[in-house]
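Visitor: Please choose one part of this model and describe it closely, together with whatever packs against it and the spaces it helps to enclose. I would like every term given with its cut-offs.

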Amino acid sequence: MKNLTKSAKFSRYVGQFLTYFYMVVLSIIIIYPLLITVSSAFKAGNVTAFSLDLGMQWSLDNFTRLFNETKYLSWYRNTLFVATTTMVVQVFVVTLAGYAYSRYNFMGRKKSLLFFLIVQMVPTMAALTAFYVMAVLLNALNQFWFLSLIYIGGGIPMNTWLMKGYFDTVPYDLDESANLDGAGHFRIFWQIVLPLVRPMIAVQALWAFMGPFGDYLLAKFLLRKEESYTVAAGLQTLIADQRNQRVALFAAGAILIAVPISALFFMLQKNFVTGLVNGGTKG
């Protein structure tokens with residue numbers, strides 16, 4: 001009996017050690033590149049390569065140069081417009097679509113859901129030529145509305161599936177009870193079901209907002225004028241020339257990308273909770 005107890009304790013200790021070791025390694029993998037970026041962004045003088053030097057002389061000159069020597073402010077405004085438009089429209093469409101697929105039976109429901117899965121299997125790379133041809137035909141090159149529509153359309157299939165799955169976790173008894181009390185379809189959706197799925201809506205909003213900040217390929221393909229670039233496409237131009245790489249400016253611009261994303265995260269943080277549905281069934 002004692003041997004079994006010692007074996008169980010040893011196994012628990014080994015499990016805890018491996019868990020903490022994995023967390024430490026993962027933290028190093030995440031934090032180390034961030035420290036290099038911060039070090040390069042705040043380092044005074046010319047920076048020719050990314051390096052970690054915490055004993056350096058700290059300076060804000062790189063941020064000043066970023067706004068004075070590049071079109072970073074325009075890139076930032078462009079990205080904010082595209083990201084905000086994508087977030088608002090995509091969350092609106094995905095929320096309504098997910099609710100409809102979760103709560104109603106209609107012709108083509110299963111086939112359209114299957115179609116969403118098939119469409120999601122096609123990578124964006126495979127559709128770049130088609131997007132470019134569409135942009136030319138619609139005279140939509142360098143147009144933010146077209147880029148936003150592609151981001152929105154690309155995010156609808158899989159996110160509709162995710163939203164439907166989250167709506168399915170809300171007990172249908174709530175709908176039936178509200179219906180017996182005289183509530184209509186819109187009132188059930190708006191006042192009863194929607195508040196219970198706020199965590200998933202918050203996640204969808206954050207994902208949709210982050211996408212345009214990190215996407216380089218599609219933005220570079222459809223936005224041909226330098227003043228029309230998003231931050232990802234614009235920052236790439238700073239390190240594209242191997243003989244004149246402005247590493248410090250690139251790092252400074254990369255850090256500033258985190259500002260609106262972090263602000264949105266903290267605004268939505270109160271919604272990132274689980275178990276809201278527990279105990280919600282009317283007795």
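Guide: Helices (H or I, at least four residues) and strands (E, at least two) are taken as DSSP runs and numbered from the N terminus. The model is a predicted one, in which local features need pLDDT of at least 70 and side-chain atom pairs count only at pLDDT 80 or more, whereas totals for chains, interfaces and linings use all residues. Residues are numbered from 1 along each chain as its sequence is written, and side-chain values use heavy atoms, with hydrogens and water left out.

The setting comes before the part itself. The protein has 12 helices and 0 strands. Of its 283 residues, 37% count as buried, meaning under 20% relative accessible area, with exposed over 50% and partly exposed in between (1.4 Å probe, protein chains only). Among contacts with a separation of 6 or more, 72% join residues 24 or more positions apart; a contact means heavy atoms within 4.5 Å.

The part I have chosen is helix α9, residues 198-214. The expected span of a helix is 1.5 Å times one less than its number of residues. For the 17 residues of α9 this gives 24 Å, and the end C-alpha atoms are 25 Å apart, which agrees. Its buried residues are Pro199, Met200, Ile201, Ala202, Gln204, Ala205, Leu206, Ala208, Phe209, Pro212 and Phe213. Among the elements that cover them are α3 (72-103), α6 (144-168), α11 (231-239) and α12 (247-268).

Of these neighbours, α12 may be taken next. With 22 residues, α12 reaches 33 Å from its first C-alpha to its last, close to the 32 Å expected at 1.5 Å a residue. Its buried residues include Val247, Ala251, Leu256, Pro260, Leu264 and Leu268. The unreviewed UniProt entry places "transmembrane region" features at residues 20-42, 80-101, 113-138, 144-167 and 247-268; such positions are given in the numbering used here, feature names are shortened, and annotations may be inferred rather than shown by experiment. In the model, residues 247-268 are 100% helix and 0% strand. Residues 80-101 are likewise 100% helix and 0% strand, with end C-alpha atoms 31 Å apart.

The chain returns to α9 in the segment after α12, where Phe272 lies. Phe272 and Met200 are 72 residues apart in sequence, yet their C-alpha atoms are 7.9 Å apart in space. Leaving aside residues up to four places away in sequence, Phe272 touches Pro199, Ala202, Val203, Leu206 and Phe265. Phe272 is nevertheless partly exposed, at a relative accessible area of 28%. Gln269 is placed in that segment after α12 too. From Gln269 to Pro199 there are 70 residues in sequence and 9.0 Å in space, C-alpha to C-alpha. Gln269 is partly exposed, with a relative accessible area of 39%.

The pockets come last. On a 1 Å grid over the protein atoms alone, a cavity is a set of points where a 1.4 Å probe fits but cannot get out, and a pocket is an open set with protein on both sides within 12 Å along at least five of seven lines; lining residues have an atom within 4 Å of a point. Grid points are joined across faces, edges and corners, and a volume is the space filled by probe spheres set on the points.

The largest pocket has a volume of about 560 Å³. α3, α4 (109-120), α6 and α9 each supply at least two residues of its lining, and α6 gives the most, with 8 residues. In total 23 residues line this pocket, and Thr124, Ile150, Tyr151, Gly154 and Gly155 lie nearest its centre. By class, the lining has 13 nonpolar, 9 polar and 1 charged residues, where Ala, Val, Leu, Ile, Met, Phe, Trp, Tyr, Cys and Pro count as nonpolar, Asp, Glu, Lys and Arg as charged, and the others, Gly among them, as polar.

The second largest pocket holds about 200 Å³ of space. Ile201 belongs to its lining, together with Val91, Phe92, Thr95, Leu96, Phe186, Phe189, Trp190 and Leu194. Here α3 gives the most, with 4 residues. The lining divides into 8 nonpolar, 1 polar and no charged residues. Ile201 is also one of the buried residues of α9.
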